[in-house]
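I opened my notebook to record what I looked up in this model, one entry at a time. I wanted each entry to begin with a place in the chain and then widen to what surrounds that place.

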Amino acid sequence: NSSSVKEFILLGLSENQGVKKICFVVLLLFYTLTVAGNLLIVLTVTSSRHLNSPMYFFLGHLSFVDICYSSVTAPQMISGSLVEKNTISFAGCMGQLFALHFLGCTEIFILTAMAYDRYVAICRPLHYPALMSRRLCGRMVGGSWAGGFLHSTLQTLPTALLPFCGPNKVAHYFCDVHPLLHLACADTRPMGLAVVANSGVITLSCFLILVVSYVVILVSLRGKTLAGWHKALSTCGSHITVVILFFGPCTFVYIRPTSDLSEDRSMAVFYTLITPMLNPLIYTVRNGEVKEAMRRLCRR
(Lines give C-alpha, C1' and ligand atoms only; values in the text may rest on other atoms or scores of the structure.)
Protein backbone atom coordinates (compact mmCIF):
# COMPACT_ATOMS: atom_id res chain seq x y z
CA ASN A 1 0.00 0.00 0.00
CA SER A 2 1.42 3.37 -1.05
CA SER A 3 -0.29 5.22 1.80
CA SER A 4 1.83 7.57 3.83
CA VAL A 5 -1.08 8.17 6.21
CA LYS A 6 -0.62 5.95 9.26
CA GLU A 7 -3.71 7.08 11.17
CA PHE A 8 -6.93 8.98 10.64
CA ILE A 9 -8.61 11.57 12.84
CA LEU A 10 -12.36 11.00 13.20
CA LEU A 11 -14.13 14.34 13.50
CA GLY A 12 -17.19 12.80 15.19
CA LEU A 13 -20.71 14.18 15.20
CA SER A 14 -19.61 17.63 16.29
CA GLU A 15 -16.43 19.51 17.16
CA ASN A 16 -18.17 21.63 19.80
CA GLN A 17 -17.06 20.57 23.31
CA GLY A 18 -20.50 21.15 24.87
CA VAL A 19 -22.23 19.09 22.18
CA LYS A 20 -19.58 16.38 22.59
CA LYS A 21 -20.43 16.02 26.30
CA ILE A 22 -24.15 15.68 25.49
CA CYS A 23 -23.26 13.14 22.77
CA PHE A 24 -21.24 11.13 25.28
CA VAL A 25 -24.19 10.77 27.70
CA VAL A 26 -26.81 10.10 25.00
CA LEU A 27 -24.65 7.64 23.04
CA LEU A 28 -23.60 5.74 26.15
CA LEU A 29 -27.25 5.38 27.13
CA PHE A 30 -28.26 4.28 23.61
CA TYR A 31 -25.45 1.77 23.37
CA THR A 32 -26.17 0.27 26.81
CA LEU A 33 -29.84 -0.13 25.91
CA THR A 34 -28.93 -1.65 22.53
CA VAL A 35 -26.64 -4.31 24.00
CA ALA A 36 -28.93 -5.08 26.96
CA GLY A 37 -32.12 -5.29 24.87
CA ASN A 38 -30.65 -7.41 22.11
CA LEU A 39 -28.81 -9.67 24.54
CA LEU A 40 -32.10 -10.27 26.35
CA ILE A 41 -33.73 -11.30 23.05
CA VAL A 42 -30.84 -13.65 22.16
CA LEU A 43 -31.03 -15.29 25.61
CA THR A 44 -34.85 -15.49 25.48
CA VAL A 45 -34.92 -17.08 22.02
CA THR A 46 -32.12 -19.56 22.73
CA SER A 47 -33.41 -20.61 26.15
CA SER A 48 -37.14 -20.91 25.38
CA ARG A 49 -38.60 -24.17 24.11
CA HIS A 50 -41.72 -22.36 22.91
CA LEU A 51 -39.99 -19.88 20.61
CA ASN A 52 -38.91 -22.45 18.04
CA SER A 53 -40.61 -21.11 14.89
CA PRO A 54 -38.49 -19.71 12.02
CA MET A 55 -39.55 -16.15 12.93
CA TYR A 56 -37.76 -16.39 16.30
CA PHE A 57 -34.78 -18.19 14.78
CA PHE A 58 -34.29 -15.15 12.50
CA LEU A 59 -35.01 -12.72 15.33
CA GLY A 60 -32.29 -14.28 17.49
CA HIS A 61 -29.78 -13.89 14.66
CA LEU A 62 -30.93 -10.33 13.98
CA SER A 63 -30.37 -9.37 17.62
CA PHE A 64 -26.93 -10.98 17.63
CA VAL A 65 -25.98 -9.02 14.48
CA ASP A 66 -27.32 -5.82 16.08
CA ILE A 67 -25.10 -6.25 19.15
CA CYS A 68 -22.01 -6.70 16.96
CA TYR A 69 -23.06 -3.99 14.50
CA SER A 70 -23.54 -1.25 17.08
CA SER A 71 -20.31 -2.37 18.82
CA VAL A 72 -18.31 -1.59 15.67
CA THR A 73 -19.11 2.13 15.83
CA ALA A 74 -20.55 3.07 19.23
CA PRO A 75 -17.55 2.49 21.57
CA GLN A 76 -15.31 4.54 19.24
CA MET A 77 -17.95 7.31 19.15
CA ILE A 78 -18.40 7.29 22.93
CA SER A 79 -14.68 7.42 23.73
CA GLY A 80 -14.21 9.93 20.90
CA SER A 81 -16.57 12.40 22.54
CA LEU A 82 -14.26 12.55 25.57
CA VAL A 83 -10.92 13.15 23.86
CA GLU A 84 -9.57 16.21 22.09
CA LYS A 85 -8.40 14.22 19.06
CA ASN A 86 -10.11 10.93 18.22
CA THR A 87 -7.58 8.94 16.19
CA ILE A 88 -7.78 5.51 14.59
CA SER A 89 -4.91 3.62 12.90
CA PHE A 90 -5.01 2.90 9.18
CA ALA A 91 -5.51 -0.84 9.85
CA GLY A 92 -8.13 -0.11 12.52
CA CYS A 93 -9.97 2.13 10.09
CA MET A 94 -10.05 -0.53 7.37
CA GLY A 95 -11.09 -3.15 9.95
CA GLN A 96 -13.95 -0.93 11.08
CA LEU A 97 -15.01 -0.33 7.47
CA PHE A 98 -15.01 -4.08 6.81
CA ALA A 99 -16.93 -5.01 9.98
CA LEU A 100 -19.48 -2.26 9.44
CA HIS A 101 -20.37 -3.33 5.91
CA PHE A 102 -20.17 -7.04 6.75
CA LEU A 103 -22.64 -6.78 9.63
CA GLY A 104 -24.82 -4.12 8.00
CA CYS A 105 -25.25 -6.17 4.83
CA THR A 106 -25.89 -9.36 6.84
CA GLU A 107 -28.63 -7.48 8.71
CA ILE A 108 -30.23 -6.39 5.42
CA PHE A 109 -30.30 -10.00 4.16
CA ILE A 110 -31.71 -11.33 7.45
CA LEU A 111 -34.49 -8.70 7.35
CA THR A 112 -35.26 -9.83 3.80
CA ALA A 113 -35.38 -13.49 4.93
CA MET A 114 -37.78 -12.45 7.72
CA ALA A 115 -40.06 -10.80 5.15
CA TYR A 116 -40.14 -14.03 3.12
CA ASP A 117 -40.98 -15.92 6.31
CA ARG A 118 -43.92 -13.55 7.01
CA TYR A 119 -45.11 -13.86 3.40
CA VAL A 120 -45.18 -17.70 3.57
CA ALA A 121 -46.84 -17.65 7.02
CA ILE A 122 -49.67 -15.37 5.88
CA CYS A 123 -50.13 -16.24 2.20
CA ARG A 124 -49.44 -20.00 2.31
CA PRO A 125 -50.17 -21.06 5.89
CA LEU A 126 -50.92 -24.70 5.02
CA HIS A 127 -47.54 -25.16 3.33
CA TYR A 128 -45.65 -23.17 5.95
CA PRO A 129 -44.04 -26.10 7.86
CA ALA A 130 -42.88 -27.70 4.60
CA LEU A 131 -41.66 -24.47 2.97
CA MET A 132 -39.88 -23.01 6.01
CA SER A 133 -37.97 -26.08 7.16
CA ARG A 134 -35.17 -25.85 9.69
CA ARG A 135 -32.69 -26.62 6.94
CA LEU A 136 -33.91 -23.79 4.69
CA CYS A 137 -33.84 -21.29 7.57
CA GLY A 138 -30.27 -22.32 8.39
CA ARG A 139 -29.31 -21.89 4.75
CA MET A 140 -30.95 -18.47 4.58
CA VAL A 141 -29.04 -17.26 7.62
CA GLY A 142 -25.80 -18.82 6.34
CA GLY A 143 -26.39 -17.16 2.98
CA SER A 144 -26.96 -13.82 4.72
CA TRP A 145 -23.58 -14.04 6.48
CA ALA A 146 -21.82 -15.16 3.28
CA GLY A 147 -23.46 -12.38 1.26
CA GLY A 148 -22.42 -9.80 3.86
CA PHE A 149 -18.84 -11.07 3.78
CA LEU A 150 -18.65 -10.90 -0.01
CA HIS A 151 -20.17 -7.41 -0.16
CA SER A 152 -17.83 -6.14 2.54
CA THR A 153 -14.73 -7.57 0.85
CA LEU A 154 -15.71 -5.82 -2.38
CA GLN A 155 -16.06 -2.53 -0.48
CA THR A 156 -12.97 -2.72 1.72
CA LEU A 157 -10.25 -4.09 -0.60
CA PRO A 158 -10.40 -1.33 -3.25
CA THR A 159 -10.57 1.34 -0.50
CA ALA A 160 -7.56 -0.09 1.34
CA LEU A 161 -5.54 -0.05 -1.88
CA LEU A 162 -6.16 3.66 -2.57
CA PRO A 163 -3.21 6.00 -1.96
CA PHE A 164 -3.74 8.25 1.09
CA CYS A 165 -1.03 10.88 1.25
CA GLY A 166 -2.62 14.11 2.38
CA PRO A 167 -5.22 15.24 4.89
CA ASN A 168 -6.24 12.54 7.35
CA LYS A 169 -9.37 14.07 8.91
CA VAL A 170 -12.37 11.82 8.33
CA ALA A 171 -15.56 13.90 8.29
CA HIS A 172 -17.51 11.21 10.11
CA TYR A 173 -17.61 9.35 13.44
CA PHE A 174 -16.53 6.05 11.88
CA CYS A 175 -14.59 4.94 8.80
CA ASP A 176 -16.94 4.63 5.86
CA VAL A 177 -16.26 4.50 2.14
CA HIS A 178 -17.62 7.95 1.18
CA PRO A 179 -15.60 10.04 3.67
CA LEU A 180 -12.45 8.02 2.89
CA LEU A 181 -12.83 8.54 -0.87
CA HIS A 182 -12.73 12.29 -0.19
CA LEU A 183 -9.25 11.87 1.35
CA ALA A 184 -7.61 9.64 -1.29
CA CYS A 185 -4.90 11.18 -3.51
CA ALA A 186 -6.37 9.69 -6.68
CA ASP A 187 -9.37 10.07 -8.95
CA THR A 188 -12.01 8.24 -6.95
CA ARG A 189 -14.99 8.85 -9.24
CA PRO A 190 -15.02 5.30 -10.69
CA MET A 191 -14.67 3.92 -7.16
CA GLY A 192 -17.47 6.21 -5.96
CA LEU A 193 -19.74 4.82 -8.67
CA ALA A 194 -18.74 1.27 -7.73
CA VAL A 195 -19.68 1.99 -4.09
CA VAL A 196 -23.08 3.33 -5.14
CA ALA A 197 -23.53 0.31 -7.40
CA ASN A 198 -22.54 -2.17 -4.68
CA SER A 199 -24.13 -0.76 -1.51
CA GLY A 200 -26.89 1.12 -3.26
CA VAL A 201 -28.06 -1.81 -5.37
CA ILE A 202 -28.08 -4.17 -2.38
CA THR A 203 -30.07 -1.80 -0.14
CA LEU A 204 -32.46 -0.71 -2.86
CA SER A 205 -33.14 -4.17 -4.31
CA CYS A 206 -33.70 -5.71 -0.86
CA PHE A 207 -35.94 -2.79 0.04
CA LEU A 208 -37.99 -3.33 -3.13
CA ILE A 209 -38.25 -7.09 -2.42
CA LEU A 210 -39.55 -6.22 1.07
CA VAL A 211 -42.05 -3.68 -0.25
CA VAL A 212 -43.33 -6.13 -2.90
CA SER A 213 -43.68 -8.92 -0.30
CA TYR A 214 -45.81 -6.62 1.89
CA VAL A 215 -47.96 -5.52 -1.05
CA VAL A 216 -48.57 -9.20 -1.88
CA ILE A 217 -49.45 -9.90 1.76
CA LEU A 218 -51.93 -7.00 1.88
CA VAL A 219 -53.52 -8.03 -1.42
CA SER A 220 -53.89 -11.61 -0.18
CA LEU A 221 -55.81 -10.34 2.88
CA ARG A 222 -58.64 -8.81 0.82
CA GLY A 223 -61.26 -11.45 1.56
CA LYS A 224 -60.17 -12.07 5.17
CA THR A 225 -62.06 -11.29 8.36
CA LEU A 226 -61.13 -8.38 10.60
CA ALA A 227 -59.41 -10.81 13.00
CA GLY A 228 -57.34 -12.17 10.09
CA TRP A 229 -56.32 -8.65 9.11
CA HIS A 230 -55.39 -7.82 12.68
CA LYS A 231 -53.26 -10.95 13.14
CA ALA A 232 -51.42 -10.43 9.84
CA LEU A 233 -50.79 -6.75 10.41
CA SER A 234 -49.60 -7.26 13.98
CA THR A 235 -46.95 -9.76 12.82
CA CYS A 236 -45.91 -7.55 9.90
CA GLY A 237 -46.26 -4.14 11.53
CA SER A 238 -43.18 -4.49 13.70
CA HIS A 239 -41.11 -5.73 10.78
CA ILE A 240 -42.24 -2.89 8.48
CA THR A 241 -41.26 -0.35 11.18
CA VAL A 242 -37.73 -1.78 11.46
CA VAL A 243 -37.35 -1.93 7.68
CA ILE A 244 -38.32 1.73 7.21
CA LEU A 245 -36.04 2.91 10.05
CA PHE A 246 -33.07 0.89 8.78
CA PHE A 247 -33.43 1.05 5.02
CA GLY A 248 -34.57 4.68 4.73
CA PRO A 249 -31.30 6.27 5.96
CA CYS A 250 -29.17 3.47 4.43
CA THR A 251 -30.59 4.00 0.97
CA PHE A 252 -30.25 7.77 1.34
CA VAL A 253 -26.56 7.53 2.26
CA TYR A 254 -25.43 4.92 -0.26
CA ILE A 255 -27.61 5.44 -3.31
CA ARG A 256 -26.44 8.93 -4.16
CA PRO A 257 -22.96 10.11 -5.18
CA THR A 258 -20.88 11.66 -2.38
CA SER A 259 -21.73 15.26 -1.77
CA ASP A 260 -22.75 16.41 1.68
CA LEU A 261 -21.02 14.37 4.37
CA SER A 262 -22.66 16.19 7.29
CA GLU A 263 -26.05 14.82 6.19
CA ASP A 264 -24.54 11.33 6.03
CA ARG A 265 -23.30 11.65 9.59
CA SER A 266 -26.68 12.44 11.10
CA MET A 267 -28.39 9.79 8.94
CA ALA A 268 -25.86 7.14 9.98
CA VAL A 269 -26.82 7.52 13.65
CA PHE A 270 -30.18 6.01 12.66
CA TYR A 271 -28.98 2.77 11.17
CA THR A 272 -25.88 2.26 13.35
CA LEU A 273 -27.47 2.96 16.73
CA ILE A 274 -31.15 3.94 16.84
CA THR A 275 -32.58 1.02 14.83
CA PRO A 276 -30.50 -1.66 16.65
CA MET A 277 -31.68 -0.09 19.92
CA LEU A 278 -35.36 -0.07 18.89
CA ASN A 279 -35.40 -3.58 17.37
CA PRO A 280 -35.89 -5.46 20.68
CA LEU A 281 -38.62 -3.00 21.67
CA ILE A 282 -40.42 -3.15 18.33
CA TYR A 283 -40.40 -6.96 18.25
CA THR A 284 -41.49 -7.50 21.86
CA VAL A 285 -44.08 -4.79 22.51
CA ARG A 286 -46.74 -6.45 20.35
CA ASN A 287 -45.59 -10.01 20.80
CA GLY A 288 -47.17 -11.92 23.68
CA GLU A 289 -45.06 -15.07 23.13
CA VAL A 290 -41.75 -13.21 23.47
CA LYS A 291 -42.93 -11.28 26.52
CA GLU A 292 -44.09 -14.50 28.20
CA ALA A 293 -40.76 -16.23 27.40
CA MET A 294 -38.89 -13.23 28.84
CA ARG A 295 -40.92 -13.45 32.06
CA ARG A 296 -40.05 -17.15 32.36
CA LEU A 297 -36.37 -16.37 31.74
CA CYS A 298 -36.37 -13.64 34.43
CA ARG A 299 -38.10 -15.93 36.94
CA ARG A 300 -35.43 -18.54 36.31
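**Entry on the sheet**

I began with F8, and I found that its bridge partner is I88 in β2. I should say at once that I am reading a predicted model. Stepping back from that one pair, I noted that β1 and β2 pair in the antiparallel sense, and that 4 bridges hold the pairing.

I then turned to the pairing with β3, where strand β1, residues 7-10, runs parallel to its partner and is joined to it by 2 bridges. Looking for the residues involved, I saw that I9 has K169 as its bridge partner in β3, while L10 stands opposite V170 in that strand. As a general reminder to myself, strands of a sheet pair through backbone hydrogen bonds, and they can do so in a parallel or an antiparallel way.

Which order do the strands take in the sheet? I wrote down β2-β1-β3, an open sheet of 3 strands with mixed pairing. Since β2 (86-89) and β3 (169-170) each have a single partner strand, they stand at the edges, and so one side of each is left without a neighbour in the sheet. I also looked for what packs on the sheet, and I found helix α3, residues 90-123, which touches β1 and β2 and whose direction makes about 85° with that of β2.

**Entry on two helix residues**

Is S70 buried or exposed? I found S70 in helix α2, which covers residues 54-80, and I counted S70 as buried because its relative accessible area is 0%, under the 20% cut-off. Leaving aside residues up to four places away in sequence, I listed its contacts as Y31, T34, P75, T272 and L273.

For contrast I looked up V26, which is found in helix α1, residues 17-47. V26 has a relative accessible area of 36%, so I recorded it as partly exposed. I also noted that V26 joins I22 and V25 in making a nonpolar surface patch of about 270 Å².

**Entry on the salt bridges**

How many salt bridges does the structure hold? I noted 5, and I kept in mind the general point that side chains of opposite charge can pair when their charged atoms come close.

The pair I looked up to start with was D117 and R118, whose closest N and O atoms are 2.9 Å apart. Both residues turned out to be buried, for D117 has a relative accessible area of 1% and R118 has 9%.

I next looked at D187 and R189, which form a salt bridge with 3.1 Å between the closest N and O atoms. Here I wrote that D187 is exposed and that R189 is exposed as well.

The last pair in my notes was E292 and R296, whose side chains meet in a salt bridge at 3.6 Å, N to O. I placed both of them in helix α10 (residues 288-299), where they lie 4 residues apart, about one turn of the helix. E292 is partly exposed, with a relative accessible area of 30%, and R296 is partly exposed too, at 28%. I closed this entry by following the partners further, since salt bridges that share partners join E292, R295, R296 and R299 into one network.

Definitions and conventions:
Residues numbered from 1 in each chain as written. Predicted model: local features only at pLDDT ≥ 70, side-chain atom pairs only at ≥ 80, totals over all residues. Heavy atoms only, no water. Pairing = 2+ DSSP bridges. Contact = heavy atoms within 4.5 Å. Axes fitted to C-alpha atoms, helices over the stretch in contact; angles between N-to-C directions. Patch = residues over 30% accessible without salt bridge, like charges linked within 9 Å, V, L, I, M, F, W, Y side chains within 5 Å. Areas by Shrake-Rupley, 256 points an atom, 1.4 Å probe, with all protein chains shown as cover. Salt bridge = Lys/Arg side-chain N within 4 Å of Asp/Glu carboxyl O. Buried < 20%, exposed > 50% of the residue type's maximum accessible area, 1.4 Å probe, protein only.
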